[in-house]
Amino acid sequence: MKRGFHMKKKLCGLLFTALLTMAVLGGCADGTGESSGDNSSGEPKGSIVVGIQQDIDSLDPHKATAAGTKEILFNIFEGLVKPDENGNLIGAVASDYTISQDGLVYTFTLRENVKFHNGNAVTAEDVKYSLERVSGLLDGTPLISTLSAIQSVDIVDEKTVQVTVGSANTELIYSFVASIIPAGSGESAEANPVGTGPFSFVSYKPLEGIVLAKFADYWQEGLPQVDEVNFKIVNSADTALMELQGGTIDLYAYLTDSQAQALKNSHQVIASPSNVVQALFLNNAVAPLDDVRVRQAILYALDKEQINDFVGGGAGTLISSAMLPTLKENYVDLNDTYGTTANVEKAKELLADAGYADGFDLEIAIPSNYEFHMQTGEVVVEQLKAVGINATIQAMEWGTWLDEVYNGRKYTATISGITCDMTPGYLLNRFQTTSKKNFINFANEAYDALYLKAQETLDLTEKAEYYKQLQKILCDEAGSAFLQVPANMTAINKDLMGYKFYPVYVQDMSTVYFQK
């Protein structure tokens with residue numbers, strides 16, 4: 001079945017109808033979230049400084065874990081396909097592709113004149129190497145779990161690559177955003193990242209930032225529009241505010257409501273829908289949170305409306321499980337399960353039943369560089385006190401949080417966000433018992449069996465029903481206290497134009513420019 005890039009794909013449309021209907025919540029009125037303006041000269045010019053909240057966890061695009069890293073690497077690397085600002089898949093290294101009727105064979109046609117930053121043209125050998133590396137065919141270690149479904153990568157001719165998978169999966173095409181890198185370059189990718197994106201790597205300094213330069217031979221004509229982008233790490237919310245006001249940072253995303261209010265007169269402050277699910281994540285394997293009654297008590301104790309109002313100015317969307325409400329066909333509203341305001345009596349009743357009538361101490365680890373999560377923690381601590389839970393905040397450096405909490409699972413509770421890619425199953429697959437991303441240690445046999453059924457079916461309506469059942473299990477078992485999908489509040493220099501908001505977690509610097 002043909003899946004050309006000259007028309008919207010049926011599957012893309014089904015998965016993204018909701019994303020396309022999302023309204024920009026404030027600021028710019030343009031439906032794409034793109035600032036208005038015209039770079040009439042057409043000449044790339046200047047340097048942009050983008051404030052970021054965390055350090056890079058890996059410059060190897062196949063090994064990067066953090067969403068904050070991937071949003072930067074989006075500018076350096078490209079896959080066979082990539083998302084656009086409307087949530088559609090568009091061609092990148094591939095100009096076109098087809099999928100066989102049985103869903104087992106993907107045939108990609110490589111785009112003409114795509115070059116790596118080292119000046120070499122992209123070949124079918126580069127594509128074969130990259131896909132074999134991420135799938136585990138190269139050395140037995142899959143670097144992108146969904147692509148472990150790949151059984152073989154065959155070169156048909158110099159411009160055609162055929163990929164055979166073991167089982168059909170309607171969502172697998174979205175995983176082909178995996179970066180294409182030069183054949184044999186995996187070992188050097190961390191020290192010398194080479195991709196095909198609009199910007200090439202210049203330098204990286206830990207705890208300081210990463211500098212990128214315009215790639216003059218980028219295949220997409222007219223892009224990028226600036227000479228240099230400096231992604232500058234700003235760990236403190238106060239520092240970020242000062243640098244924005246002082247003009248040393250041109251763009252900064254994921255503001256709290258208080259920051260947005262302070263900047264609304266001096267900057268473009270634009271609210272856009274995010275693909276981040278924020279939660280008070282609970283380690284299901286650690287006492288007393290290994291008792292479902294305790295986890296449920298925590299959920300009853302929380303007032304999500306108050307959290308949303310205090311931290312996000314009421315602009316977030318309240319949720320009770322792991323799915324974006326904008327993926328309407330796959331989302332089920334479970335907010336009535338525990339309510340969106342606190343039920344102190346019910347929470348105390350469950351705690352008493354679990355043997356914690358006098359409450360208990362709870363340490364909440366929070367990455368300190370994210371002011372949004374830190375402020376959320378302050379509200380959560382006060383709300384939990386009302387039911388006898390003595391919660392305290394343990395502020396952690398980002399690298400420490402990543403090592404100890406996310407990867408090491410050495411924590412009891414944490415407040416953070418998880419991001420969704422372009423597939424509805426992405427947020428749900430991490431809660432399978434054996435998933436490497438299951439940092440909350442959620443273990444439920446019914447969930448595991450149902451998830452496998454969801455992946456096996458090619459019927460999108462049936463798949464959506466499975467996803468709704470999965471959300472309900474996660475909610476009923478109080479896997480974690482899912483809070484909200486925050487609005488992404490972004491501050492932008494008033495002279496900076498062309499910035500696009502995506503329904504996925506990226507910072508696309510290729511289209512931005514300074515107006516005259």
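Of the 10 residues that make up helix α6 (residues 292-301), 8 are buried, so this helix is largely enclosed by the rest of the structure, which here is a predicted model. The buried residues of α6 are V294, R295, Q296, A297, I298, L299, Y300 and A301. Their packing partners are drawn from both helices and strands, namely β13 (276-282), α8 (344-353), β15 (361-367), α9, α13 (460-476) and β18 (481-485).

Two of these partners, α9 and α13, also take part in helix pairs that can be followed in turn. Helix α9 (residues 371-385) packs with helix α7 (residues 304-312) at an angle of about 140°, the two axes lying 9 Å apart, and the crossing of this pair is right-handed. On the side of α7 the contact is made by Q306, I307, F310, V311 and G312, while α9 contributes F372, Q375, T376, V379, V380 and Q383. Sorted by class, this contact holds 6 nonpolar and 5 polar residues, with no charged residues.

The other pair is formed by α13 and α12, whose axes come within 9 Å and cross at roughly 160°. Because angles over 145 degrees count as roughly antiparallel, α12 and α13 are described as roughly antiparallel to each other. The crossing in which α12 passes α13 is left-handed. From α12, the residues A446, Y447, L450, Y451, K453, A454 and Q455 meet K463, Y466, Y467, Q469, L470, I473 and L474 of α13. By class, the contact of α12 with α13 comprises 10 nonpolar, 2 polar and 2 charged residues.

In the loop that leads from α11 (426-429) to α12 (445-456) one finds N438. With a relative accessible area of 1%, N438 is buried, because the cut-off for that class is under 20%. When its neighbours within four places in sequence are left aside, N438 is in contact with R409, R430, F431, Q432 and T433.

Elsewhere in the chain, 4 strands form an open sheet in the order β4-β5-β7-β6, with antiparallel pairing. The edges are occupied by β4 (94-99) and β6, each of which has a single partner strand, so that one side of each is left without a neighbour in the sheet. Neighbouring strands of this sheet are turned against each other by 20° on average, direction ignored. At one edge, β4 is joined by 5 bridges to β5 (residues 105-110), the two running antiparallel, and Y97 stands opposite F108 in β5. At the other edge, β6 and β7 pair over 6 bridges in the antiparallel sense, with S152 having T164 of β7 as its bridge partner. The connection between β6 and β7 is a hairpin through 2 residues.

Helix α3 lies across β5, β6 and β7 (160-165), and its direction is at about 180° to that of β6. The loop between α3 (124-135) and β6 (150-157) contains L138, which is partly exposed, with a relative accessible area of 42%. Apart from its neighbours within four places in sequence, L138 is in contact with Y129, E132 and R133. As a longer-range reference, L138 and S200 are 62 residues apart in sequence and lie 26 Å apart in space, C-alpha to C-alpha.

Conventions. Residues numbered from 1 in each chain as written. Predicted model: local features only at pLDDT ≥ 70, side-chain atom pairs only at ≥ 80, totals over all residues. Heavy atoms only, no water. Axes fitted to C-alpha atoms, helices over the stretch in contact; angles between N-to-C directions. Left-handed = near helix turned anticlockwise from the far one by under 90°. Contact = heavy atoms within 4.5 Å. Nonpolar A, V, L, I, M, F, W, Y, C, P; charged D, E, K, R; others polar. Buried < 20%, exposed > 50% of the residue type's maximum accessible area, 1.4 Å probe, protein only. Pairing = 2+ DSSP bridges. Parallel < 35°, antiparallel > 145°, perpendicular 65-115°, else oblique.
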